[in-house]
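Student: Could you give me a close look at the salt bridges here, and at what surrounds the residues that form them? Feel free to wander a bit, as long as you tie it together.

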Amino acid sequence: MSLKNDFLVSARGISGNFDKWSGGEASANVVKWFPGGARKESQRGGRTTYSDITLERVYNPKTDQALLRKLRAECGVGSYDLSKQPIDAYRKVIGSPESWPKCILKTVTPPDGDSGSEDLSTLVLVFSTTGPA
């Protein structure tokens with residue numbers, strides 16, 4: 001059994017780990033048709049594509065402000081290798097990480113400002129991917 005917090009999430013070239021990983025779902029189109037005279041349809045699977053991957057962490061202005069400027073400049077062209085490493089309850093690494101190479105930085109979302117809120121500020125990055133290694 002594993003909890004959602006049993007992973008170390010990182011992007012090579014960006015210091016620190018991330019708190020959340022979402023996305024990377026694999027999907028494929030399936031074409032269905034009725035061959036001439038047939039009463040039962042046939043089907044054929046298409047190519048696999050992967051949804052965008054979103055990484056999120058609590059924003060630390062001491063370390064992330066300069067990083068935010070760098071990431072904005074690389075949006076649309078920056079290529080990063082993403083990693084999701086399983087860990088156990090004692091925070092020890094289990095097996096090999098799931099590696100997602102050459103993901104293109106697609107969106108950089110800086111923290112929101114709200115004088116009436118006590119919510120944590122977050123840095124959110126979205127990457128386009130062609131799939132895991």
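**Salt bridges and their surroundings**

Tutor: Let's start with E41, which is partly exposed, with a relative accessible area of 37%. Its partner is K32: the two form a salt bridge whose closest N and O atoms lie 3.9 Å apart. That just makes the cut, because a salt bridge here needs a side-chain nitrogen of Lys or Arg within 4 Å of a carboxyl oxygen of Asp or Glu. Keep in mind that this is a predicted model. The structure holds six salt bridges, and I'll go through some of them.

Now take R91 and D6, whose side chains meet in a salt bridge at 3.3 Å, N to O. This pair links distant parts of the chain, since R91 sits in the loop between β7 and β8 while D6 belongs to the segment before β1, 85 residues apart. The two ends of the bridge fall into separate burial classes: D6 is buried, at 9% relative accessible area, whereas R91 is partly exposed, at 43%. The cut-offs make that clear, because under 20% counts as buried and over 50% as exposed, with partly exposed in between.

While you're at R91, have a look at its backbone. Phi is near 70° there, a positive value in a residue that isn't glycine. Most residues other than glycine have a negative phi, so that's worth a glance in your viewer. K102 is another case, with a positive phi of about 50° although it is not a glycine either. R91 lies in a loop, the one between β7 and β8, but K102 is placed in strand β8. K102 is also exposed, because its relative accessibility is 64% and the line for exposed is drawn at over 50%.

Next comes a bridge within a helix. K70 pairs with E74, with 3.6 Å between the closest N and O atoms. They are four residues apart in helix α1, so about one helical turn separates them. Both are partly exposed: K70 has a relative accessible area of 34%, and E74 has 24%. You can also use E74 as a bearing for the fold: its C-alpha is 9.8 Å from that of T107, although the two positions lie 33 residues apart in sequence numbering.

The helix that carries this bridge also contributes to the nonpolar interior. The largest nonpolar core has 20 residues, and I14, L55, L71, L82, L125 and F127 touch the most other members. Two or more residues each come from β1 (7-11), β2 (14-18), β6 (53-58), α1 (61-74), β7 (79-86), β8 and β9. The biggest giver is β8, with four residues. So the fit with the general picture is easy to see: in soluble globular proteins, nonpolar side chains tend to be buried together.

Finally, some acidic residues to set beside the bridges: D112, D114, E118 and D119 gather in a patch of negative charge on the surface. By the way such patches are defined, their members have no salt bridge, so these four stand outside the pairs above. D112 is found in the loop between β8 (98-109) and β9 (122-128), and it counts as exposed because its relative accessibility is 71%.

Technical notes
Residues are numbered from 1 along each chain as its sequence is written. This is a predicted model: local features need pLDDT of at least 70, side-chain atom pairs count only at pLDDT 80 or more; totals for chains, interfaces and linings use all residues. Side-chain values use heavy atoms; hydrogens and water are left out. Patches are made of residues with over 30% relative accessible area and no salt bridge: like charges are joined within 9 Å, nonpolar side chains (Val, Leu, Ile, Met, Phe, Trp, Tyr) within 5 Å. Accessible areas come from the Shrake-Rupley method with a 1.4 Å probe; for residues, only the protein chains shown count as cover. Lys and Arg count as positive and Asp and Glu as negative; His and the chain ends are not counted. The place of a charge is taken as NZ of Lys, CZ of Arg, CG of Asp or CD of Glu. Buried means under 20% relative accessible area, exposed over 50%, partly exposed in between (1.4 Å probe, protein chains only). A nonpolar core is a set of buried Ala, Val, Leu, Ile, Met, Phe, Trp, Tyr and Cys residues joined through side-chain atoms within 4.5 Å.
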